[in-house]
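Colleague: Before we discuss this model, please show me the sequence and the coordinates. I should then like to go through the fold, the helices and the charged pairs in turn.

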Amino acid sequence: MSLTLYTQSPLREGFVRPPNSMDGIPAPISRLSRMEDAAIAKNIVRQVIEHDLIGEELNSSSYWTEDMTWYGPVGFGMATNKKEYEDVFITAIRNAFTERELEIDILTCEGTYCGANGWLHGINSGDFLGEKASNKAVKLR
């Protein structure tokens, strides 16, 4: 994995496409969604978020596929594969923040589609998207 620090993300901004399977347009149909699937999906999503945001490994969760598409927040752009996601997003988080903790406010799933909201707490001990380290406690939503 590359440990390059970017002052500006090399990823391009992209529009958010519908799911490749076309089974979530405009959203899953509640009466066709299974609660069992939602429970499994919620567990997987929690594991992925925890691994990617507070884990210590320099890789992303094994649940991601190599051909994933990830739509990042403003400043990061869109990763069109797992390597881009790891090289740009995971590396930036791991290099910029120490003592990372996760606070999940909402994690809900309907069928296999999930949404989450929360905060990443940490010490800004490294440069982040061109901003110098403040060495202060910060939280990112």
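**Questions on the predicted model**

Modeller: Glutamate 56 has a relative accessible area of 64%, over the 50% cut-off, and is therefore exposed. Please bear in mind throughout that this is a predicted model.

Colleague: With which residue does glutamate 56 form a salt bridge?

Modeller: The side chain of glutamate 56 takes part in a salt bridge with a distance of 3.6 Å, N to O, and the partner is arginine 100. Glutamate 56 belongs to the loop between α1 and β1 and arginine 100 to strand β3, so the pair ties together parts that are 44 residues apart in sequence. The residue asked for is arginine 100.

Colleague: Is arginine 100 buried or exposed?

Modeller: The cut-off for a buried residue is a relative accessible area under 20%. Arginine 100 has 12% relative accessibility, so the term that applies to arginine 100 is buried.

Colleague: What pattern of helices and strands does the protein follow along the sequence?

Modeller: The secondary structure consists of two helices and five strands. Among contacts with a separation of 6 or more, 56% join residues 24 or more positions apart. Read along the sequence, the pattern is α-β-β-α-β-β-β.

Colleague: On which residue is the kink in α2 centred?

Modeller: Helix α2 runs over residues 82-96 and reaches 20 Å from its first C-alpha to its last, close to the 21 Å expected at 1.5 Å a residue. Within α2 there is nevertheless a kink of about 30 degrees. Its centre is isoleucine 90.

Colleague: Which residue has a side-chain oxygen that reaches the backbone nitrogen of lysine 83?

Modeller: The backbone nitrogen of lysine 83 is found at the start of α2. A side-chain oxygen comes to within 3.1 Å of that nitrogen, and the residue supplying the oxygen is asparagine 81.

Colleague: How many residues of α2 are buried?

Modeller: Helix α2 has 15 residues and is mostly covered. What covers its buried residues includes α1, β1, β2, β3, β4 and β5. Those buried residues include Tyr85, Phe89 and Ile93, and the number of buried residues in α2 is twelve.

Colleague: Which element gives the largest share of the largest nonpolar core?

Modeller: That core has 16 residues, of which Trp70, Phe76, Tyr85, Phe89, Ile93 and Phe128 touch the most other members. The elements that give two or more residues to this core are α1 and α2. Seven residues, the largest share, come from α2.

Colleague: Which residues is phenylalanine 89 in contact with, leaving aside neighbours within four places in sequence?

Modeller: Phenylalanine 89 is among the buried residues of α2. With those neighbours left aside, the contacts of phenylalanine 89 are Leu53, Trp70, Phe76 and Glu84.

Colleague: Why are aspartate 87 and lysine 83 separated by about one helical turn?

Modeller: An α-helix has 3.6 residues a turn, so residues three or four places apart point the same way. The side chains of aspartate 87 and lysine 83 meet in a salt bridge of 2.5 Å, N to O. Aspartate 87 has a relative accessible area of 10% and is therefore buried. The separation of about one helical turn follows because aspartate 87 and lysine 83 are four residues apart in helix α2.

Colleague: With which side chain does the side chain of serine 60 make a polar contact?

Modeller: Serine 60 is placed in the loop between α1 and β1, and its 3% relative accessibility means that serine 60 counts as buried. Not counting residues up to four places away in sequence, serine 60 touches residues that include His51, Asp52 and Ile90. The polar contact has a distance of 2.8 Å, and its other side chain is that of glutamate 86.

Colleague: What is the distance between the closest N and O atoms in the salt bridge of lysine 132 with aspartate 127?

Modeller: A search of the whole structure finds four salt bridges, and lysine 132 with aspartate 127 forms one of them. Lysine 132 is exposed, with a relative accessible area of 64%, whereas aspartate 127 counts as partly exposed at 33%. The closest N and O atoms are apart by 3.5 Å.

Colleague: What is the phi of asparagine 135?

Modeller: Most residues other than glycine have a negative phi. Asparagine 135 lies in the loop between β4 and β5 and counts as exposed at 54% relative accessibility. Although asparagine 135 is not a glycine, its phi is positive, at about 60 degrees.

Note on methods. Residues numbered from 1 in each chain as written. Predicted model: local features only at pLDDT ≥ 70, side-chain atom pairs only at ≥ 80, totals over all residues. Heavy atoms only, no water. Expected span 1.5 Å × (residues − 1). Bend = angle between axes of the 7 residues up to and from the residue. Buried < 20%, exposed > 50% of the residue type's maximum accessible area, 1.4 Å probe, protein only. Contact = heavy atoms within 4.5 Å. Polar contact = N/O pair within 3.5 Å; in protein donor to acceptor, adjacent residues only side chain to side chain. Core = buried A, V, L, I, M, F, W, Y, C linked by side-chain atoms within 4.5 Å.
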